[in-house]
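Thanks for making time this morning. I would like to walk you through one model, beginning with how confident the predictor was and ending at a single side chain.

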Amino acid sequence: MNTEYRILKFRPGGFVGLIFLMASLAGCFRPAIPISMSPNYPVDVFYENQQPDRPFTEMEWLEYKEEVPLTQQQQEPIKGRMVKRGNNIEQKELLLARLTMQAKKLGADALIAVRYQYYSSATVNGYSMRGMAVKYQKEREVGQ
């Protein structure tokens, strides 16, 4: 049996050129759906340690509270710890979305001093999110 094996030989610059060509072509393509990691809310959101960079007028404090019964999985400790308690980032963003929609209905431009609190009891997970709805001042109102 006569078996022939052929070995492909690349010149030293050929392999680097191929990698460069592949990398440059990959940069030409964009995903069909733009990916954004931060949510887009209907009003600006500033947490307790942040302030807007423009003057504003306070409107009113808004708060969203809810208590949810614990699931069976949340009631079972793992190695003596209740690690399944609480809510995840998606649930927290949903709370903030509800609060920002309340602010938008009032005609606010932003929420400032936003604060999130969580608590847990033997039967429920409770949380609240609170923030001050504000309206940005127009430039001519600042001097008045």
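What you see is a predicted model, and the mean pLDDT of the protein chain is 79, with 67% of its residues reaching 70 or more. That confidence can also be read element by element: strand E1, residues 44-47, has the highest mean pLDDT among the elements of the chain, at 94, while helix H4, residues 139-142, has the lowest, at 61.

Turning to the fold, the protein chain contains four helices and four strands, and, if you follow the sequence, these elements come in the pattern α-β-β-α-α-β-β-α. As for contacts, if we take those in the protein chain with a separation of 6 or more, 76% of them are accounted for by residues 24 or more positions apart.

On the surface side, the protein chain exposes about 11,800 Å², of which carbon and sulfur atoms supply 55%. Of its 144 residues, 21% count as buried.

Let me now pick out one residue, asparagine 125, which sits in strand E4, residues 124-136. Is asparagine 125 buried or exposed? It counts as buried, because its relative accessibility is 5% and the cut-off for that class is under 20%.

Which side chains, then, does the side chain of asparagine 125 meet in polar contacts? One of these partners is tyrosine 118, whose side chain is joined to that of asparagine 125 by a polar contact of 2.5 Å, and another is serine 120, where the side-chain to side-chain polar contact is 3.4 Å.

How values were computed:
Residues numbered from 1 in each chain as written. Predicted model: local features only at pLDDT ≥ 70, side-chain atom pairs only at ≥ 80, totals over all residues. Heavy atoms only, no water. Helix = DSSP H or I, 4+ residues; strand = E, 2+ residues; numbered from the N terminus. Buried < 20%, exposed > 50% of the residue type's maximum accessible area, 1.4 Å probe, protein only. Polar contact = N/O pair within 3.5 Å; in protein donor to acceptor, adjacent residues only side chain to side chain. pLDDT = per-residue confidence, 0-100. Contact = heavy atoms within 4.5 Å. Areas by Shrake-Rupley, 256 points an atom, 1.4 Å probe, with all protein chains shown as cover.
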